[in-house]
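The following exercises concern a protein–DNA assembly. Please examine the sequence and the coordinates before reading the solutions.

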2 protein chains.
Amino acid sequence: MGYPREQSIQQATEVFWLKGYLGTGMRDLQTALDKRPGSIYSAFGSKEGLYLEVLNHYTGVLHGQIMAVANSDTPLQQLREFLRFPLTVEDSAAHKIQCLIVKTQADWAELPEGVKSELQAALAHLREAFQAVILKARSTSELAADIPVERAAMWLQGQFIAMRTLATSVESPASLSWMVDKIVCDLCGEWAQ
Amino acid sequence: MGYPREQSIQQATEVFWLKGYLGTGMRDLQTALDKRPGSIYSAFGSKEGLYLEVLNHYTGVLHGQIMAVANSDTPLQQLREFLRFPLTVEDSAAHKIQCLIVKTQADWAELPEGVKSELQAALAHLREAFQAVILKARSTSELAADIPVERAAMWLQGQFIAMRTLATSVESPASLSWMVDKIVCDLCGEWAQ
DNA sequence: TATTAATTTGAACGATCGCTCAAATTTAAC
DNA sequence: GTTAAATTTGAGCGATCGTTCAAATTAATA
C-alpha cells in the first residue's frame, strides 16, 4: 500500500471546504488525514501543495458535473437539477453548500501567489463549462439563437455564486428553490445587447 | 483630544476590507491606526470588539445608501447607479468592490460567535433596505403590484453579491456594467409564484 | 507649579502557526 | 534471515498570533 493520495485529498477537501485556506491549520489536516506532519510534507510538499491538489480535484468534479449538464439532451432541465441539488444537503454538511472556490476567493489578498493563479484558472475553467451549457441549450433551441454566449456564461456563474452564498446564511436552504426557477427563467429572458 | 474612535474605525475598515477578519492581524491594525496595542485594547477591548464597530459602521453606511435609493422618486434608476458605482473604483482600491460583509461571511466556520451573530444581523438589516427599494418601486409603478416583495429583496441581495464577487475576479470591473442592466431588467421581469 | 488622574507605551507572555529532520519503523530485495 | 531502501514518526524550530500590564507619558485639577 503506497501513500493513499486520493483518500487524503478527499479528507483534506472536507477540511478546506469547512474552514477555508487560511482557517485550516496543518494540525487540522493531520487530524483529518490521520497522518503525522512528515508524511503529509513528503507527499504534498506543503500546505499550499496539498490545497492545490484539493482545488484541482474539486474543480474537476464540479466541471464534470456541469459538462454532464451540457452533454445531456435537455440541458436547461438538467441545469435546474444541478442548481437545486446543493440546496438539499443535510444540516451536518452545511458547509458544502458554499462553493470551495468562491470561499477561497474571499481570502484573495492573503493567498500565496500559486493559490491565486490556480483559483483564477479554476474560475475560468468552470466558466467554460457554463458556456458549454449555454451553447448546447442554444443548439436544442431551448435558448434563443442570439443569446450573448460569453456574457450568459459569466452571468450563470454569478447566479451560481449568489445562490450558494445566500443559501449559507438562511436556516432552510431548500426554501430557496424558487431562485432556481428564477435563474432559468431569466436565462431565457431578455438579453439586450 | 480624546481617542479618535471615528478615525480609527475608518482606518480599521480599510484593513479588514482588504484582508478579512481572520487575515487581519493586530499588528496590521497597530500600523494602520498608528497606535500601540494597549491603546487599541483600552479603546475597543479586543480585535473582535474593533471589528464589530467596523462592521456596524460599514453596515450603517451601506444601509443608508440603499435607503437613499428607496427614498428617491425614481428608485429603479437610482438602483442602477447604486449597483454600477462599485464597478468604477480605481485599481488601487480594488478590494472595495467586494462587500466587507460578504467577504467576512466566507470565513463563517472560524468566526467568533459574536461576529457570526452580528454578520447575520447585518445581512438581515441590508435585506430590509433592499425590501424598501422594492416597495417604493412598486408604489411608483416601476414594478408590478404583484411582485413577491420578500423574495425579490433576497434575490436583489443575491444579485448584489454575484456582481461584486464576479467583479473582483475580472481585470476590468467596469466591463460588467451590462450586468446591472440585466439585474434591473430581470427585476421587472417574470416572478412566477 | 505641585499633585492626581487618565492615557499611552512597548516588551513580553503563552498559544499556535507552517514546517523540519534525525531517529524509528516498515517494506522490498536477495 | 539479512541488508538496504523507503516511509513514517513526533519532538521541536523560529515566526507570528491575540493579548497583557507595569512603567512612562500626558492631561486635568487646585
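The conventions come first, followed by three exercises with worked solutions.

This is a predicted model, in which local features need pLDDT of at least 70 and side-chain atom pairs count only at pLDDT 80 or more, while totals for chains, interfaces and linings use all residues. Residues are numbered from 1 along each chain as its sequence is written, chains are lettered from A and ligands numbered from 1 in the order in which they are written, and side-chain values use heavy atoms, with hydrogens and water left out.

**Exercise 1.** Determine which relation connects chain B to chain A.

Solution. Step 1: two copies of a chain are related by a rotation about an axis and a shift along it. Step 2: superpose by least squares on the C-alpha atoms of residues with pLDDT of at least 70 in both copies. A turn of 180 degrees with a shift of 0.0 Å along the axis lays chain B on chain A at an RMSD of 0.0 Å. This is therefore the relation of a two-fold axis. Step 3: the C-alpha of chain B nearest the axis belongs to Ala162(B), at 2.5 Å. Step 4: with contact taken as heavy atoms within 4.5 Å, 100% of the interface residues of chain B are also interface residues in chain A, so the copies meet through the same surface.

**Exercise 2.** Describe the surface near DNA strand D.

Solution. Step 1: a residue is near a strand if one of its heavy atoms lies within 4 Å of it. Of the 16 residues around DNA strand D, those that come nearest are Ser39(A), Met26(B), Arg27(B), Tyr41(B) and Lys47(B). Sugar and phosphate make up 53% of the strand D atoms that come within 4 Å of the protein. Step 2: list polar contacts to the strand (pairs of N or O atoms within 3.5 Å). Phosphate oxygens of DNA strand D lie 2.6 Å from a polar backbone atom of Met26(B) and 3.1 Å from a backbone N or O atom of Thr24(B).

**Exercise 3.** Which atoms of DNA strand C lie 2.8 Å from Arg27(A) and 2.9 Å from Lys47(A)?

Solution. Step 1: a polar side-chain atom of Arg27(A) is 2.8 Å from a base oxygen of DNA strand C. Step 2: an N or O atom in the side chain of Lys47(A) is 2.9 Å from a phosphate oxygen of that strand. Step 3: Arg27(A) and Lys47(A) are among the residues that come nearest DNA strand C.

Methods:
Polar contact = N/O pair within 3.5 Å; in protein donor to acceptor, adjacent residues only side chain to side chain. Nonpolar A, V, L, I, M, F, W, Y, C, P; charged D, E, K, R; others polar.
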